[in-house]
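Colleague: Take me through the lining of the second largest pocket, please, and then the salt bridges. Give me the cut-offs as you go.

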Amino acid sequence: MTAGRELAARGAWREVARGSGLLWSGPDGERVSPTIFAEMSALAARTGAINLGQGFPDTDGPAAVAEAAVRAIRDGHNQYPPGAGIAELRRAVADHQHRHYGLQVDPDAVLVTTGATEALAAALLALLEPGDEVVTLEPFYDSYAGVIALAGARHVPVPLVQHPTGFRLDEAALRAAVGPRTRLLLVNTPHNPTGTVLTVSELEAIARIAVESDLVVLTDEVYEHLTYDATVHLPLATLPGMAERTLTVSSSGKTYSFTGWKIGWVHGPAGLVTAVRTVKQFLTYVSGAPFQPALALALAVDDAPRRLAASLADRRDLRCEGLAAAGFTVTVPQGTYFVVADGAPLGFDDGAELCRRLPALAGVVAIPLTAFCRDGSGAHSALRSSLRFTFVKRAEVLQEAVARLARLNG
């Protein structure tokens, strides 16, 4: 590598590290520090605190789906699957989209990926050129900033506005963020980390802006079935003028509680999906051979997501009530695995500091909401005292966490 190319590569990595909340240590000992997620998980392990920071279930998904994966292993589904994913799973995704949302999806325009994270990364790397701009909501899932930087593009976050009833889209701010270099809108709903689910009117506003500015839209819909209180998720691709410009990403991990299987997918216009596959083949190439037929079976079973959502709604209420009783101001989520709680009423204006002290104070671990914001942004300032807690744990674990957190208000 020439000196110039080496410097350019290091510069790009600095941007990726900065965008991901990591730290660059210099050219003599290139390394990055752990993310806040790794730091908090390690803190939980070291102190014996209950880890409500990282969002993964502590129980497995449907036994019949797990047994289907075991059967697939025994039946010899252990080598490379087709590059686009097995036909059975691609058909199941297409059928699922039609059954739930009325979307007409060609199975040949479905690409199976190593989780939604790879689908999003491959799409961003495929569609962006250096200097392009990508507009996202803020707070944002942490991988977005890193991959946008890796593509050499500029990340333009638009803050969601916090109201007593939840976080809402600011259409004027979104419109102002779109400029001549904007290439893509990245929209996450149901939204991690805030738990908001964008309304039909908010989605229509996004669609208007995308059509007027001729933008590609990439949607992250991994929590599509985990909504509460009669809240309904609507894919952007269902709105007029959006199917031909939208790449829809989802996965099986959250819906069926098999997060470690890492099977996701993306579908959309054939040309865009081909571009994504061109990049994806140089990332993982393929993965999850025995899990793909098992999840094709899972997608055909409609009651499993409903049962999980009903159970999570009860656990959400338990988590929210416990946090409120401990003295936090709680924003009740409409979807996802997560609830946002403000520690300011407890005298903590720095959520990151509170997270680091919480194991000693209450035997619980959370994540500061600023981990999902750009340093120095308005959202970072507005959410400085807020924390994200997960409620995708067994009820007895959440009850113990409630009892521990009660010490804060003692």
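Modeller: Sorted by type, the lining of the second largest pocket comes out as 11 nonpolar, 11 polar and 5 charged residues. Here Ala, Val, Leu, Ile, Met, Phe, Trp, Tyr, Cys and Pro count as nonpolar, Asp, Glu, Lys and Arg as charged, and the others, Gly among them, as polar. Bear in mind that this is a predicted model: local features need pLDDT of at least 70, side-chain atom pairs count only at pLDDT 80 or more, and totals for chains, interfaces and linings use all residues. Residues are numbered from 1 along each chain as its sequence is written, and side-chain values use heavy atoms, with hydrogens and water left out.

The pocket holds about 590 Å³ of space. A pocket is an open set of points on a 1 Å grid over the protein atoms alone, where a 1.4 Å probe fits, with protein on both sides within 12 Å along at least five of seven lines; lining residues have an atom within 4 Å of a point. Points are joined across faces, edges and corners, and the volume is the space filled by probe spheres set on them. Of the 27 lining residues, Gly55, Thr117, Tyr141, Lys254 and Lys262 are the closest to the centre. Two elements, α5 (115-127) and α9 (253-256), each give two or more residues to the lining, and α5 gives the most, with 4. Helices (H or I, at least four residues) and strands (E, at least two) are DSSP runs, numbered from the N terminus.

On to charge pairing: the whole structure has 17 salt bridges, each a side-chain nitrogen of Lys or Arg within 4 Å of a carboxyl oxygen of Asp or Glu. One of them joins Arg384 to Asp349 at 3.7 Å, N to O. Arg384 sits in the loop between α14 (378-382) and β15 (386-390), Asp349 in the loop between β12 (338-342) and α13 (351-362), so the pair ties together parts 35 residues apart in sequence. Arg384 is partly exposed at 36% relative accessibility, whereas Asp349 is exposed at 51%; buried means under 20%, exposed over 50%, partly exposed in between (1.4 Å probe, protein chains only).

Arg404 and Glu400 also pair up, at 2.9 Å, N to O. Both are in helix α15 (residues 395-405), 4 residues apart, which puts about one helical turn between them. Elsewhere, salt bridges with shared partners link Glu171, Arg175, Arg208 and Glu212 into one network.
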